[in-house]
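Dear colleague,

I am handing over the structure we spoke about, and below it you will find my notes on what was found. Please read them with the coordinates open beside you.

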Amino acid sequence: MAAMTSSARPLLNRRLAEFGTTIFAEMSALATATGSINLGQGFPDQDGPAEIREAAVRALREGHGNQYPPGPGVPELRTAIAAHQERRYGLAFDPDREVLVTAGATEAIAAALLALVEPGDEVVALEPYYDSYAACVAMAGGTRVPVTLRPDTEAGGFRLDLDELRAAVTDRTRLLLINTPHNPTGTVLTREELTAIAELAVERDLLVITDEVYEHLTFGDAAHIPLATLPGMRERTVTIGSAGKTFSFTGWKVGWVTASPELVTAVRSAKQFLTYVSAGPFQYAVAEALALPDTYFDAFRADMSLKRDLLADGLAAAGFEVFRPAGTYFVTTDIRPLGESDGFAFCRALPERAGVVAIPNAVFYDHRDAGAPFVRFAFCKQVPVLEEAVARLKKLTA
Ligand SMILES: Cc1ncc(COP(=O)(O)O)c(C=O)c1O
C-alpha cells in the first residue's frame, strides 16, 4: 500500500480536489447523532403511488428488465416520455431517436456535460447550483462561470439579472446550464426570463442544458415552461427530467434526456461508458407512472403546496425571512433577522439549538459570500413531521 501512495501526489484527481465530502453527508450524520428532524436532503419520507410500486414488482416477477435493457432505455418508457412531453407541452420527440433513459437526472447531467464540453470550454450556470453541476463541469475539464440569482423583493424570490447573464457569455462559452424550477431557491423562471435566455443562446449559437426535474412542482400562478418550447431552442436544447421527484421514488434513479437526434447521440456516447444501462424493471413502472391521469399530478402539486405553506409560515413565525418558493420542494430563508449571518455556523448549531437539520446555501455558490446568510429547508415530509419541526424552530426566538 505504502508503495502505491509514496509519491506526494494526492490520490484524488486534481479536477475533483475541491469536491470533498458533501455537506449532505455531514448534516445527515448530525441529524442521526442528535435525533434531529432532517430537512436537509431533498427526498420524500413517503413512497409514491402504490400501483406504480406494484408495476415494478410485476415487472420483476414477469422478467421485464431483469437483464440489461436496451442502451437508450426500454421502448415502453421512451414512448411514455415522448407522450408526456407532447401531452403536457406540445413538444414532439421521436422515441427512437430523440429520447434517452439515464440513471437519474444525475447521470443525464454528467453524460451531457462529458459529451458536450471540451477542456477550456466555459459553462455558464445559474448560481446557486445543484452540487453535481460543478463537479461534472470539472470532470469534463470545463470552466464554470456562475451567474448569481439575487433576492428581489419586488419581483419575488431570487431573480436572474439578464444583463449579467449576457456579460457572462464569451467566445469560449460552449453552453448555458439552466435549472427551472430552481433548486435551492424555488425560483420558477418566467416566460420573459426564458425568452431572454433563448435569444442569447440563438444569438451566440450556444447549446443549452436545462434541468427540469421539478417540472411538476410549481405552485399558485407559477407555471413550468420548458425551454425547448421557445423559438430556436428545440434543436439546441438538452432537456433533463426525472421520475424521482415527480413520483416520489428517488431511489429508483430513472431519469431521461429529450433532444435532437444529434444531441441524443452525443449524450448517449458518454452515457454508455458511465452505467451503460440501469434500473431495468423500474423503467417499465415509470412508463406507467408517466401515463397517470392529470388527477395524480394535480393532487401531488396540491399536497406539496400545502406543505410549502406549512413550513414557510412556520419559518416566518420563527423569525426567518422566507422566500416563498414558486416551485421545487425547498424553501430558502435568510437568517439575518435572527441576528445570524453565517449559514454554515447556523446549520452546524441548529440540531443542538432546535433539533432540526437544514443546509447552508453557500455550498451551492462559487461566490460563497453571496450565499452566506441563506439556509435551505426541504418540505417533502409528512405533515406531522413538518409541524414538529416548526414547533421546534420556535425555540430560536423564545
Ligand atoms: C436540480 C436537481 N437536478 C438533479 C437532481 C438529481 O436527480 P436524480 O435523483 O434523478 O438523479 C436533483 C436532486 O435533488 C436536483 O435537485
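To begin with a single pair, valine 124 has leucine 176 of strand 7 as its bridge partner. Please keep in mind throughout that this is a predicted model, and that every value below is computed from it.

That pair belongs to the pairing of strand 3 (residues 122-127) with strand 7, which is parallel and extends over four bridges. Strand 7 (residues 173-179) is largely enclosed by the rest of the structure, because six of its seven residues are buried. Strand 7 is also joined by five bridges to strand 8 (residues 207-211), again in parallel, and here leucine 177 stands opposite isoleucine 209 of strand 8. Together with helix 7 (residues 191-203), strands 7 and 8 make up a right-handed β-α-β unit. In the loop that leads from strand 7 to helix 7 lies proline 184, and the peptide bond that joins asparagine 183 to this proline is cis, with omega at about 15 degrees.

Strand 3 is likewise mostly covered, with five of its six residues buried. Besides strand 7, strand 3 pairs with strand 4 (residues 143-148), to which six bridges join it in a parallel arrangement; within that pairing, arginine 144 of strand 4 is the bridge partner of valine 123. Strand 3, helix 5 and strand 4 form a right-handed β-α-β unit. A cis peptide bond is found on this path as well, between glutamate 127 and proline 128, with omega at about 0 degrees, and proline 128 sits in the loop between strand 3 and helix 5.

Helix 5 (residues 131-139) holds cysteine 136, a residue that deserves a separate look. What makes cysteine 136 count as buried? The cut-off is 20 or more other C-beta atoms within 10 Å, and cysteine 136 is buried because 24 lie within that distance. Leaving aside residues up to four places away in sequence, cysteine 136 touches Ile109, Ala110 and Leu113. Its C-alpha atom is separated by 7.3 Å from that of leucine 114, although the two residues are 22 apart along the chain.

Turning to the ligand, the shell around it is made of 14 residues, of which Gly104, Ala105, Thr106, Asn183 and Ser242 come nearest. Asn183 is the asparagine already mentioned, the one joined to proline 184 by a cis peptide bond. Helix 4 (residues 104-116) gives the most to this shell, with three residues. By class, the shell has nine polar, three nonpolar and two charged residues.

Two residues with unusual backbone angles may be worth checking by eye, and both are found in the loop between helix 8 (243-247) and strand 10 (254-258). Serine 248 has a positive phi of about 55 degrees although it is not a glycine, and lysine 253, also not a glycine, has a positive phi of about 55 degrees too. Are these two residues buried or partly exposed? Serine 248 counts as buried because it has 20 C-beta neighbours inside 10 Å, whereas lysine 253, with 19 such neighbours, counts as partly exposed.

On the overall layout, the chain is divided into domain 1 (3-48 + 295-396) and domain 2 (68-292), and the C-alpha centres of the two domains lie 23 Å apart. Across the boundary, 34 residues of domain 1 are in contact with 34 residues of domain 2. On the domain 1 side, helix 11 (294-317), strand 12 (330-334) and helix 13 (368-371) each supply at least two residues, and helix 11 gives the most, with seven. That side of domain 1 comprises 18 nonpolar, ten polar and six charged residues.

Finally, there is an open sheet of four strands in the order 11-12-15-14, with antiparallel pairing. Its edge strands are strand 11 (321-323) and strand 14 (359-360), each of which pairs on one side only. Strand 14 is joined to strand 15 (residues 374-378) in the antiparallel sense over two bridges, and isoleucine 359 stands opposite arginine 376 of strand 15.

With best regards

Terms used:
Residues are numbered from 1 along each chain as its sequence is written. This is a predicted model: local features need pLDDT of at least 70, side-chain atom pairs count only at pLDDT 80 or more; totals for chains, interfaces and linings use all residues. Domain bounds come from an automatic or database domain assignment. Two residues are in contact if their C-beta atoms, placed from the backbone, lie within 7 Å. Ala, Val, Leu, Ile, Met, Phe, Trp, Tyr, Cys and Pro count as nonpolar, Asp, Glu, Lys and Arg as charged, and the others, Gly among them, as polar. A residue is buried if 20 or more other C-beta atoms lie within 10 Å of its own, exposed if 12 or fewer, and partly exposed in between; C-beta atoms are placed from the backbone. A residue is near a molecule or strand if its C-beta atom, placed from the backbone, lies within 6 Å of it. Two strands pair if DSSP finds at least two bridges between them. A crossover is right-handed if, with the strands pointing away from the viewer, the path from the first strand over the helix to the second runs clockwise.
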